[in-house]
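Thanks for coming, everyone. I'd like to walk through one structure this morning. Please have the sequence and the 3D view ready.

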Amino acid sequence: MTSVPEAAAACGTDPAGPGGQGPEQPADTGLRTGDGPPPWHGLTSLQVLRHLDSGPRGLVEAEAVERLTGSGPNTVPSWSTASWPRRLVRSLRDPFTAVLLCLGLVSAVVAAWGTASVILSLVVVSCVLRAGGERRADRSVAALRKLVATTATVLRRPAEDEPPRSREIPVDELVPGDVIRLGPGDLVPADVRLLRASGLTVHQAPLTGESAPVAKQAVDAPEPRGGLFDRPQLCFQGSSVASGSGTAVVVSTGPHTRFAATRSGPGQRVASAFDRSVHGISWVLIRFMLLTPPLVLMANAALRGRGFETLPFAVAVAVGLTPEMLPVIVTTALARGASLLARDHRVIVKRLPALHDLGAVDVLCLDKTGTLTQDRPVVHRALDARGEQDPEVLRWAGVNAWWTLHLADLPVPDALDEAVLDAVEEDEALEYDGVAALPFDAVRRLSTAVVRRPGRLGLHTLVVKGSPEDVIERCALTEGERARLLALAAREAASGLRVLAVATSERRARDRAYTPADERGLTLVGFVTLRDTLAPTAAEALEVLADRGVTVKILTGDHPGTAARACRDLGLDPVVLTADTIDGLTDGELAVAARSTTVFARCAPEHKARIIAALRADGHTTGFLGDGVNDLPALHAADVGICPRDAVDVARESADVVLADKDLTAIAHAITSGRHSSVNIATYLRITLSSNLGNVIAMLVTGLMLPFLPMLPAQILVQNLCFDAAQLAFAFERLRPAALRAPTVLQPRYFLRFITGFGLLGAAADLATFGVLALALHDAAGSGQAAFHSGWFTENLLTQALVMLLLRTGRRAAEGATASPVRWAAAGLAVIGILLPLSPLGPLLGMTALPVLYYPLLAAVLALYTVALVAARSRYDRPGTER
């Protein structure tokens, strides 16, 4: 949780810890207009005005128009979405789709028009489905873009000698040097340097990802604390005013703003888990398919004296090895999963392959605020100066919070004051009469309420609350006592608690206004400690993620103790690594350290990206949840970038997945959905490739043994069409929970071993069928050739139906459930295999009725094949088998 006006003063807060220092951010000259100007945060307000050739009264209208011509409009470069034709063309980059396209063109060249038409139709369907899903996701995300202001209140002079006038102008007309006014609810229209401010607090969530407001003041080059966004005199485009008012000078507009600079992104994203696995499997298959036609041609020419008349058969064999339906099934499975996520859990998947990557995620990196904890602290304990519990301390803290809120005219209490007020009775604060209040500011890091106590005529009581260092500094204490109290506060902060010190002082009543100079000679009452409120769904979601084999790692700018405390409360083992330690590690050492580290604290944006890169280099598939501009490097570095709906729009545009709420439960649902789609895709690949490989081997061997082609090209095409149509059921298959408990990664080595083993088993069944046909048929020529084609066609579809049933992942669904889509599809495939040769279409395809003897012999072959499949599958299902 980020600093709020007073939260930043508490020990252990983010970004300020016990010493008030935030997480070190990378040096950034950031705010520049053109070339040459030094960092604006290093200049006084007078130096800034002089450099911009402006003044407190603003620019002259004519000069502003002239500057607009030179600097250009104050607009943020937009990211245009791809057009529909471009999406279709981009879909062809998928390796399997490209291979299918090539095979379709080759089929057209050799006049295999049926094959070419079917293949090219599948290519078109796949491209349309993928492009349509991505376009729908883009439209959903585009509806979320509401961030940059449209108008601004500016001070300008009609002429040099005339007074300034305040008026509203479109934001795109702002120029460097313009003086603007900010009020509650205003969006900051450009990067500005404050000239005056009164109780100004600003939400910087679009830039930092932290939701609580930050106090801003028009101070001149104060001692730097934290990073650029922590500078109290600077406000940035994309942030919004939470309370108070201010006057500021515009220092950067348009593409020169800090917000716009992030939109260019950190460069090309590295290949995701889906890209790597699909490309690996693709190239294995491409090599097979490129080798198959030449081998068929050469073997037939050498052994059978056949020439190019076997080219259509060779192409048909290559097509038979190809998983033609893969692009369609992959797109359908992912699109269906994305649609269900959007409908049931309000999770938008912008890039369909990202859903598979979610299924492969085994490490999830996130910040703790909004996911593990809420943006709302609660009081933990109230301690006196000796470290013992004392409710009187909390009562005085409540008096300070109540009267500061009302007498300082604050719009709402900050997070820590609200927590204190929730913990005390309102009547306790109303026992006193409020006299005056000095609100919190980022320099003093404390607030003071002056009250009149009942029965204390002529006396006022100052009640001071704030950072322990700053409050104790103002107390009348010996050096030894001061050191003891600071150590007590530091010990509480180290345990992950936020600490506020409370002190009082009696003063003679007076009419003269109270000032910060009166905050001296105080008596310390004690300390109030606060802890983060755990997100109500965090514990349950962490259990689900652990059950799914996902390790959660916290990447935060928080104080190490604060982050560790939240982890301990949720049952995580808080092994902590801080940014300064990370800086001293090489990439290899960081990868080793990251294996056992749960919390990475005090992280700047570059630390987060480096940690994720180290995890990926160590073989993990990573997801990262972020919502601010500072999260962009990590979003790009992860396999899956995730952000909530209310994230800054540049983060939404960079992310692969957008959540309705920043909730771990939604991520758990998304990972489960990704696993479901990935398992079905993997099941399809295993079954299709092993079955196709077995058929190809059998056809190649049999083709060299027979005086005729074992199957005609038209028969191969019809067989493939039937099998492909049946396999669409895999996109809708239901899975048992156990199948979703491990990350799903398509590993080429495992697939190669699986399809080789089961492919050879299938080839053996096909060759056994050849023996059955030799027994059942007496004539290998004439009508026997058509019968041979019929018998092999029937056997192929029946064995493929068996493979679909016995090798599918979800075959052990709960008893009593409705029959799965795969069961219905396999049954239909078997019926077609038996009846098609007997139908009127049989003779048209070169097939005929089979002898009765064939069927019992075929049943025996299928029974033996079933036993072999079950035994082989049991071997592959053993624990420890690579998936």
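Start at D344. Is D344 buried, partly exposed or exposed? D344 is partly exposed, because its relative accessible area is 45%, and the buried class ends at 20% while the exposed class begins over 50%. D344 has a partner, R343, and their side chains meet in a salt bridge, 2.9 Å from N to O. R343 itself counts as exposed, at 61% relative accessibility.

One caution before we go on. This is a predicted model. Keep that in mind for every value I quote.

Now the wider count. How many salt bridges does the structure hold? It holds 25. Side chains of opposite charge can pair when their charged atoms come close. I'll take two further pairs and one network.

Next pair: D470 and R445. Their side chains also form a salt bridge, with N to O at 2.9 Å. Where do the two partners sit? D470 is in helix α15, residues 468–473, and R445 is in the loop between β12 and β13, so this pair ties together parts that are 25 residues apart in sequence. Both ends are covered. D470 is buried, with a relative accessible area of 8%. R445 is buried too, at 5%.

Stay on R445 for a moment. The strand that follows its loop, β13, runs over 446–452. The backbone of R445 deserves a look as well. Its phi is near 60°, which is a positive value in a residue other than glycine. So here is a loop residue with a positive phi, a buried position and a salt bridge to D470.

D53 also has a positive phi. The value is near 55°, and D53 is not a glycine. Where is D53? In the loop between α1, residues 45–51, and β1, residues 59–60. Is D53 buried or exposed? Exposed: the relative accessibility is 55%. Set that beside R445, which counts as buried at 5%.

Third pair: R482 and E479. Their side chains meet in a salt bridge at 3.3 Å, N to O. Both residues belong to helix α16, which spans 479–494. They are three residues apart, about one turn of the helix. What about cover? R482 is buried, with 16% relative accessible area. E479 counts as exposed, at 61%.

Then the network. Which residues take part? E61, R156, R167 and D178 are linked by salt bridges.

Let's move to the surface. First, charge. E425, E426, D427 and E431 form a negative patch there. Take E431 from that group. It lies in the loop between α14, residues 426–430, and β12, residues 433–438. E431 is partly exposed, at 46% relative accessible area.

Second, a nonpolar patch. Which residues make it up? V831, I834, L835 and L838. Together they have about 340 Å² of accessible area. L835 is in helix α28, residues 821–835. L835 is partly exposed, with a relative accessible area of 49%.

On to the rings. How many aromatic pairs does a search of the whole structure find? Five. Let me show one of them, Y854 with Y855. The ring centres are 5.6 Å apart and the planes stand at 75°, so the pair is edge-to-face. Why that label? Because planes over 60 degrees apart count as edge-to-face, and these two planes are at 75°. The two tyrosines differ in cover. Y854 counts as buried, at 0% relative accessibility. Y855 is partly exposed, at 28%.

Last stop: G694. This glycine is found in helix α24, which covers residues 664–705. Is G694 buried or exposed? Buried, with a relative accessible area of 1%. Now look across to D766. The two residues are 72 apart along the chain, and their C-alpha atoms are separated by 7.8 Å.

To recap, with places to click on. For salt bridges, go to R343 with D344, D470 with R445, and E479 with R482. For positive phi, go to D53 and R445. For rings, go to Y854 and Y855. For the surface, compare the negative patch that includes E431 with the nonpolar patch that includes L835. That's my tour. Over to you.

Note on methods
Residues numbered from 1 in each chain as written. Predicted model: local features only at pLDDT ≥ 70, side-chain atom pairs only at ≥ 80, totals over all residues. Heavy atoms only, no water. Patch = residues over 30% accessible without salt bridge, like charges linked within 9 Å, V, L, I, M, F, W, Y side chains within 5 Å. Areas by Shrake-Rupley, 256 points an atom, 1.4 Å probe, with all protein chains shown as cover. Salt bridge = Lys/Arg side-chain N within 4 Å of Asp/Glu carboxyl O. Lys, Arg positive; Asp, Glu negative; His and termini not counted. Charge placed at Lys NZ, Arg CZ, Asp CG, Glu CD. Helix = DSSP H or I, 4+ residues; strand = E, 2+ residues; numbered from the N terminus. Buried < 20%, exposed > 50% of the residue type's maximum accessible area, 1.4 Å probe, protein only. Phe/Tyr/Trp six-rings, centres within 6.5 Å; stacked < 30°, edge-to-face > 60°.
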